[in-house]
Amino acid sequence: MTQTSLSFLKGHGTENDFVIVPDPDNSVDLSAAAVVKLCDRRAGIGADGVLHVVRSAAHPEAAHLADEAEWFMDYRNSDGSVAEMCGNGVRVFARYLQYAGHVEPGDLAVATRGGIKQVHLDKSGDVTVSMGRAALPEEQVTVVVGERAWPARNVNMGNPHAVAFVDSLDHAGRLLDPPRYSPAEVYPAGVNVEFVIDRGPRHVAMRVHERGSGETRSCGTGACAVAVAAIRRDGADPAVTGQPVTYTVDLLGGTLLITEHPDGRIDMTGPAVIVAAGELDPAWLTETVFA
């Protein structure tokens, strides 16, 4: 499909940044190669991923959700691969909908490949996303960086995570390449790997290698997975205590508050910012992205 113009925006949530492509009618042929070019930090716009904004009714993967959520977040990793969910992406997606005048501050539903996400847009600027419930598969996992190895908690937030508690975030290494893990069959499609240290009571810090993107400044589903793993490690499971619990999670790009409720629901609260809007040069668009 030949494109003559394409509008875009740039946004971030705790410095997890995205190219936003508004496409209500799902008319843009957003190939994997196009995503890679858009996310290239030297030859493109630069981002950790692309938020393709489509009305649910117009997308074959989301049409069945159209009665529950008008908008579908068709999320792509920076390597062009399709992802089930992106927690920071949902917050930025919702902020874009407000920015574009599609929604007002308050509550809305967003369709994702990981299901319907309930979102609250606060007038103060923070966005809270109900991230659903964590699944805790029983498989034992080991994460390896260099000569060091750690047991990791297997947490699924609609996408897979391996959470390792370490003595120093430096032990995660450069995180340019995916950390090794075993057994490989536990994560047949790859995994997001989080390295975590304690900073105080119910306060942790993390680094993350996101599947398909490398190390990112922030990962919303990763922060939720880390909080869930820390809550279980600390014996504070709300299903047992009957009380919600909130953990502060520091990431390279900022701080998120993660709350788990007794019924298992997990809320993530943090900022979401639109920083720029523009239009791609038609020649570059045709020759480089959609050639």
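Buried means under 20% relative accessible area. That cut-off serves the legends below, which describe a predicted model.

**Figure 1. Leu-175, a buried loop residue with positive phi.** Leu-175 sits in the loop between strand 10 (160-165) and strand 11. Its relative accessibility is 4%, so Leu-175 counts as buried. Phi is about 55 degrees, although Leu-175 is not a glycine. Leu-175 also belongs to the lining of the largest pocket.

**Figure 2. The largest pocket of the model.** Its volume is about 170 Å³. One stretch of the lining is Val-144, Val-145 and Gly-146. The others in the lining are Ala-172, Gly-173, Arg-174, Leu-175, Leu-176, Asp-177, Pro-178, Pro-179 and Arg-180. Sorted by class, the lining holds seven nonpolar, two polar and three charged residues. Val-145 and Ala-172 line this pocket, and both are also among the residues of an 18-residue nonpolar core.

**Figure 3. A cis peptide bond before Pro-183.** The bond runs from Ser-182 to Pro-183. Its omega is near -5 degrees. Pro-183 lies in the loop between strand 11 (180-182) and strand 12 (192-200).

**Figure 4. The loop between strand 2 and helix 1, seen at Pro-24 and Asn-26.** Pro-24 is in this loop, and so is Asn-26. Asn-26 has phi near 60 degrees, a positive value in a residue other than glycine. With 24% relative accessibility, Asn-26 is partly exposed. Pro-24 is partly exposed too, with a relative accessible area of 28%. Leaving aside neighbours within four places in sequence, Pro-24 contacts Val-53, Val-54, Arg-55, Ala-58 and Trp-71. His-59 is 35 residues from Pro-24 in sequence. The C-alpha atoms of Pro-24 and His-59 are 9.3 Å apart.

**Figure 5. The buried side of helix 1.** Helix 1 spans residues 32-39. Its residues Ala-34, Val-35, Leu-38 and Cys-39 are buried. These four cover an arc of only 125 degrees around the axis, so they lie on the same side of helix 1. An α-helix has 3.6 residues a turn, so residues three or four places apart point the same way. Leu-38 is also one of the contacts of Val-21.

**Figure 6. Val-21 and its surroundings in strand 2.** Val-21 belongs to strand 2. At 1% relative accessibility, Val-21 is buried. Beyond neighbours within four places in sequence, Val-21 contacts Leu-6, Ser-7, Leu-38, Val-50, Leu-51, His-52 and Val-53. Val-53 also touches Pro-24, in the loop that follows strand 2. His-261 is 240 residues from Val-21 in sequence. The C-alpha atoms of Val-21 and His-261 are 34 Å apart.

**Figure 7. The largest nonpolar core, with Ile-258 in focus.** This core has 53 residues. Met-73 and Ile-258 have the most contacts inside it. Helix 3 (residues 220-233) gives the largest share, nine residues. Apart from this core lies another, of 18 residues, among them Val-145, Ala-164, Ala-172 and Tyr-187. Residues up to four places away in sequence are not counted in the contacts of Ile-258. Those contacts include Ala-223, Cys-224 and Ala-227. Val-245, Thr-246, Tyr-247 and Val-249 touch Ile-258 as well. So do Ile-266, Asp-267 and Met-268. In soluble globular proteins, nonpolar side chains tend to be buried together.

**Figure 8. Arg-202 in the loop between strand 12 and strand 13.** Strand 13 covers 203-210. Arg-202 is partly exposed, at a relative accessible area of 44%. Setting aside neighbours within four places in sequence, Arg-202 contacts Ala-236, Val-245, Thr-246, Tyr-247 and Thr-248. Val-245 is 43 residues from Arg-202 along the chain. Their C-alpha atoms are separated by 8.6 Å. Val-245, Thr-246 and Tyr-247 are also contacts of Ile-258.

**Figure 9. The largest cavity and its lining.** The count comes to one cavity of 30 Å³ or more. The largest cavity has a volume of about 90 Å³. Its lining is made of 14 residues. Asn-77, Met-85, Asn-159, Asn-192 and Glu-210 lie nearest its centre. Strand 4 (71-77) and helix 3 are the elements that give two or more residues to the lining. By class, the lining divides into five nonpolar, six polar and three charged residues.

Note on methods: Residues are numbered from 1 along each chain as its sequence is written. This is a predicted model: local features need pLDDT of at least 70, side-chain atom pairs count only at pLDDT 80 or more; totals for chains, interfaces and linings use all residues. Side-chain values use heavy atoms; hydrogens and water are left out. Buried means under 20% relative accessible area, exposed over 50%, partly exposed in between (1.4 Å probe, protein chains only). The arc is that of the directions from the helix axis to the C-beta atoms. A nonpolar core is a set of buried Ala, Val, Leu, Ile, Met, Phe, Trp, Tyr and Cys residues joined through side-chain atoms within 4.5 Å. Contact means heavy atoms within 4.5 Å. On a 1 Å grid over the protein atoms alone, a cavity is a set of points where a 1.4 Å probe fits but cannot get out, and a pocket is an open set with protein on both sides within 12 Å along at least five of seven lines; lining residues have an atom within 4 Å of a point. Grid points are joined across faces, edges and corners, and a volume is the space filled by probe spheres set on the points. Ala, Val, Leu, Ile, Met, Phe, Trp, Tyr, Cys and Pro count as nonpolar, Asp, Glu, Lys and Arg as charged, and the others, Gly among them, as polar.
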